[in-house]
Amino acid sequence: MGRWRGLQALALALILCVSGCASGRPAAEPLLTFLGQSQVAFGTTVDGTAVGGLSGITYDAGRQVYYVISDDRSKHGPARFYTVQISLSDNGIDHINCTSAHPFGDRSGPSGLGAAPVPNQAHIPPDPEGIAFDAGRQRLYWSAEGERRTDREPVLADPWVRIAALDGGYLGQFALPPNLAMSEQRTGPRRNMALEGLTLAPDGRSLFAAMEEPGYNDGPLTNGDHRVLTRITKFDVADAAPVAQYAYPMEPAGHGADRNGVADLVALSDNTFLVLERSTATPPVARIYRAEIGSATDVSNMESMQGATLTSMSKVLAIDLSATLKPVDNLEGITLGPKLPDGRQSVVLVSDNNFSPFQITQFVLLAM
């Protein structure tokens, strides 16, 4: 009988663990450990452009550099990314050096200023957000959120995922699923809440793009105490086309926050990710979750996820940066860096200062 009770207790513990992982509760032990941070001074310039608005980061192990994208809507320079050298140690970040700026090209040339508007609309500067380096093909992928306004003259531009050379030159563009297209009606992505995060699977076959918030079809924003579902789209890199879409459950915005959103993600495999969520609370709240696709439903053909019967991705809290990092600013980018001297995997984050002297550009080092 004692052995049977012991087995019952073990089974119950396993059930509770699975339930906790699926609901985003903390793991038994933290998956990530904070090691340190370093800041880039406000007003720093590189190649004549202001270093700010850093919203995505990716690591080039061959060159031992990071590519960091700015979400500047061409107010302080062309749409661009920076090459950054970061010296890491077991104790934190020793040195940061922004070495060069690279404007993104488009179909018409190297200006990097043009988005693809709907017919009869003005040329629209892009809103860059995510970036991912492809070591096998030696190129970059980057996302932009598109544009919509709801005044008398709607300005519409669809989000995109583009392919760029390492100097920023235009190489092509991925096809997007229809549910990511902007519309003059309240359907599709909301303004400034579209393709925020971007990551390439380690095998280079699949690219994943995360919506910051639910689109109009999928329900309300995270501006209360309720959980919402947003979409993560899987693309086949060889075909530059979408192949699946999954529901990702975001945490409620919480007390003092207007909303919560997916800021970025990095793939640990073609099934597992670290997902960065951050809210607009004062001070900001930032958490990283380890998320898995597992048996999640492909929601590509679901016009709306509201009230639908589906299985979402599962997740477990890896670290609450709000409890370990001081100060916490508007963290928006995450990537895997090199192995640290002690053998642990480094995880590097970057914040978006919104080009404000009252915010900071910070690089944060974690160990996994």
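Start with the whole protein chain as a surface: its accessible area comes to about 15700 Å², and 52% of that belongs to carbon and sulfur atoms. The model is a predicted one. Of the 368 residues in the chain, 54% count as buried. Switch to a cartoon coloured by secondary structure, and the protein chain shows two helices and 22 strands. If you display contacts between residues at least 6 apart in sequence, 60% of them join residues at least 24 apart.

**Stop 1: residues 45–50**

Select strand 2 (45–46) and strand 3 (49–50), with the loop between them, where Asp47 is found. Asp47 is not a glycine, yet its phi is positive, at about 50 degrees. Most residues other than glycine have a negative phi. Is Asp47 buried or exposed? Its relative accessibility is 56%, and exposed means over 50%, so Asp47 counts as exposed.

**Stop 2: the sheet of strands 12 to 15**

Move on to the open sheet with the strand order 12-13-14-15; its four strands pair in the antiparallel sense. Select 195–200 for strand 12 and 241–250 for strand 15, the two edge strands, each of which pairs on one side only. From one strand to the next, the twist in this sheet averages 25 degrees.

Now add residues 228–236, which make up strand 14; this strand and strand 15 are antiparallel and pair over nine bridges. To see one place where the two strands face each other, show Leu229 and, opposite, Pro249 in strand 15.

**Stop 3: the sheet of strands 16 to 19**

Next comes another open sheet, in which four strands follow the order 16-17-18-19 with antiparallel pairing. Its edges are strand 16, at 260–267, and strand 19, at 314–320; each of these pairs on one side only. Here the twist averages 30 degrees from one strand to the next.

Select residues 272–279 to pick out strand 17, which runs antiparallel to strand 16 and is joined to that strand by seven bridges. Which residue of strand 17 stands opposite Gly261? Label Arg278 to find the partner of Gly261. Strands of a sheet pair through backbone hydrogen bonds, so the backbone is the part to display here.

**Stop 4: helix 2 and the loop that follows**

Select residues 321–324, helix 2, which includes Ala323. Ala323 counts as exposed because its relative accessibility is 58%, where the cut-off for exposed is over 50%. Add Arg287 and draw a distance between the C-alpha atoms: Ala323 and Arg287 are 36 residues apart along the chain, and these atoms are separated by 9.3 Å.

Then go to the loop between helix 2 and strand 20 (331–339), where Pro327 is found. Show the backbone of Lys326 and Pro327: the peptide bond joining them is cis, with omega at about -10 degrees. Most peptide bonds are trans.

**Stop 5: the loop between strands 21 and 22**

For the last selection, take strand 21 (345–351) and strand 22 (361–367); Phe355 lies in the loop between them. What is the sign of phi at Phe355? Phi is positive, at about 55 degrees, although Phe355 is not a glycine. To view this residue alongside the one from the first stop, select Asp47 again, with its positive phi of about 50 degrees.

Technical notes. Residues numbered from 1 in each chain as written. Predicted model: local features only at pLDDT ≥ 70, side-chain atom pairs only at ≥ 80, totals over all residues. Heavy atoms only, no water. Pairing = 2+ DSSP bridges. Axes fitted to C-alpha atoms, helices over the stretch in contact; angles between N-to-C directions. Buried < 20%, exposed > 50% of the residue type's maximum accessible area, 1.4 Å probe, protein only. Contact = heavy atoms within 4.5 Å. Areas by Shrake-Rupley, 256 points an atom, 1.4 Å probe, with all protein chains shown as cover.
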